[in-house]
Amino acid sequence: IKRLRMQAEACKTYRKKLAKDWRISTDYRRGKPYATQADTDRISVPLDWIMTKQKQSALFSQVPSVRINHPPQSFAKDAASWVHTFEQRINDTLVKAGIETAMDECLPDCINAAGIGVVIVSREAITEPVEGPSIDVSAFPPEIQRFILETGVMPNGQPVPMTTVPKVIDSRYVVSRVSPTDFLWPLSFTGSDFNNAPWVGRTGRLTWAEAAKRFNLDENLREKYVGDNRDTDDKLSEDQESNKSPHEDTVEFDEIFYKEFQFDTKAQSYSTIHHVVFLSNHEEPVIDEPWEGQQIDKESDSLIGALRYPICVLSLAYISDEPIPPSDSAIGRPQVDEINKGRTQMIDQREHSLPIRWFDVNRIDPTIQFNLMRGLWQGMIPIQGAGTNVIGEVPRSAMQQENFV
């Protein structure tokens, strides 16, 4: 546990360095790449916005439907009666959980800002404590189960031992975006598939009411736990107003999922995942238990449930030994800078190379000379003889034709 927390803190330090470049890419996409606000004499070509939108629409336009092509063999005979309903329920749950919004949010992270997009898939539940049997009555036949639950007496006449158990009142599945500035990963990992990493995690924030219930926090220690430790270096936005918003009701935490066989010599499976949650102002973890997304099947003694991390990472490229690749916007930034500079120079040249006329002071009346120099004349000018060499125009300097496509 101590080693995990040290690795997470090291990742946070390194993440601040990456976040600086990530913010620059985000500024280019919103059309504000300059550090100062005096953009009136500079041209910003919003190529990052256009190219990000184009690639995002090409990568994701609608949620693909789940299709079961072969049901489990043990249910193959009567599969037709439930497979279609099961498919429909899965697809409806994906949409209801928010996968569309999560993809629309994490794809710009991957294409423009950070080179990666991160989401977390979870099941959340609201529970209340109730009295219930401390033994598992599911092993009894249904009639006996009903008798035990209704009477509180075992078949042998002994009273059923009771305990306080959580009762689920409401639950939901959630697919939500994790900001790249909140993603945690082992710095020693050099692969492209984060499901093979020893651990992955995230920095999250909850309101006090939700955190107190989820982590079983003491109301009397509220002042110890609340607070948001982020600064400008921990955000993709440099909006000063949002950075000054109050955080008196926020609890910050680090959530880590790790493969048990990577840290425990007694682990029995390569897929068993452990769940750990640290609070920013608390030394010991508030959660340190096997991940609830997995269970051991009592009949086959095998691991069932999700066999991958609930934190999923998307990347479109891989650079050798670098799990966090540069984004498409970061790679194309020198070209965008050249286009911005070239367009700015063209505007400056147009402003400084204004049309200028000349006239022969020996052949123009002094009164007309005065009006010409003041810029009042745009009509007929009386002169004696041909005016070819009397009044003329100074040719403007022209820039070489450029192609910035």
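# Notebook: loops, salt bridges, a cavity

I started with D301, which sits in the loop between β8 (294–296) and β9 (303–305). The model is a predicted one, and I kept that in mind throughout. I looked up the backbone of D301 and found phi near 60 degrees, a positive value in a residue other than glycine. Is D301 buried or exposed? D301 has a relative accessible area of 61%, so I logged it as exposed.

I then went to D321. Its phi is positive too, about 65 degrees, although D321 is not a glycine. I placed D321 in the loop between β10 (311–315) and α9 (328–352). The relative accessible area of D321 is 55%; the cut-off for exposed is over 50%, so D321 counts as exposed.

**Salt bridges**

How many salt bridges does the structure hold? I have 13 in the notebook. I went through some of them by residue.

One of them joins the side chains of R205 and E252, at 3.1 Å from N to O. This pair links distant parts of the chain, with the two positions 47 residues apart in numbering. R205 is in strand β4 (residues 199–207), and E252 is in strand β5 (residues 250–259). I checked the cover on E252. Its relative accessibility is 5%, and buried means under 20%, so E252 counts as buried.

Next I took R222. Which side chain meets R222 at 2.7 Å, N to O? It is D249, in a salt bridge. D249 lies in the loop between α8 (240–243) and β5, while R222 lies in helix α7 (residues 222–225). The two are 27 residues apart, and the pair links distant parts of the chain. The relative accessible area of D249 is 35%, so I wrote it down as partly exposed.

R222 also meets E219 in a salt bridge, at 3.8 Å from N to O. The cut-off for a salt bridge is within 4 Å, so the E219 contact counts. I looked up the accessibility of both residues. R222 is at 28% relative accessibility, so R222 counts as partly exposed. E219 is at 48%, so E219 counts as partly exposed as well.

I also noted a network. E124, R172, E210 and R214 are joined into one by salt bridges that share partners.

**Contacts between C-alpha atoms**

I looked at A125 next. A125 lies in strand β1 (residues 116–133). How many residues apart in sequence are A125 and D170? They are 45 residues apart in sequence, yet 5.6 Å apart in space, C-alpha to C-alpha. A125 has a relative accessible area of 36%, so I marked it partly exposed.

Then I turned to E260, in the loop between β5 and β6 (273–279). From E260 to Y270 I have 7.5 Å in space, C-alpha to C-alpha. In sequence, E260 and Y270 are 10 residues apart. Why does E260 count as buried? Its relative accessible area is 16%, and the limit for buried is under 20%, so E260 falls in that class.

**Surface patch**

I searched the surface for nonpolar residues. W49, I50 and M51 make a nonpolar surface patch of about 320 Å². I located W49 in helix α2 (residues 47–59). W49 has 44% relative accessibility, so W49 counts as partly exposed.

**Cavity**

Last, I looked for enclosed space. The count comes to one cavity of 30 Å³ or more. What is the volume of the largest cavity? I have about 40 Å³.

I listed the residues that line the largest cavity. They are C110, G115, L316, A317, P325, P326, S327 and D328. I then sorted this lining by class: five residues are nonpolar, two are polar and one is charged. Asp counts as charged, so the charged residue in the lining is D328. Gly counts as polar, so G115 goes into the polar class.

Methods. Residues are numbered from 1 along each chain as its sequence is written. This is a predicted model: local features need pLDDT of at least 70, side-chain atom pairs count only at pLDDT 80 or more; totals for chains, interfaces and linings use all residues. Side-chain values use heavy atoms; hydrogens and water are left out. On a 1 Å grid over the protein atoms alone, a cavity is a set of points where a 1.4 Å probe fits but cannot get out, and a pocket is an open set with protein on both sides within 12 Å along at least five of seven lines; lining residues have an atom within 4 Å of a point. Grid points are joined across faces, edges and corners, and a volume is the space filled by probe spheres set on the points. Patches are made of residues with over 30% relative accessible area and no salt bridge: like charges are joined within 9 Å, nonpolar side chains (Val, Leu, Ile, Met, Phe, Trp, Tyr) within 5 Å. Accessible areas come from the Shrake-Rupley method with a 1.4 Å probe; for residues, only the protein chains shown count as cover. Helices (H or I, at least four residues) and strands (E, at least two) are DSSP runs, numbered from the N terminus. Buried means under 20% relative accessible area, exposed over 50%, partly exposed in between (1.4 Å probe, protein chains only).
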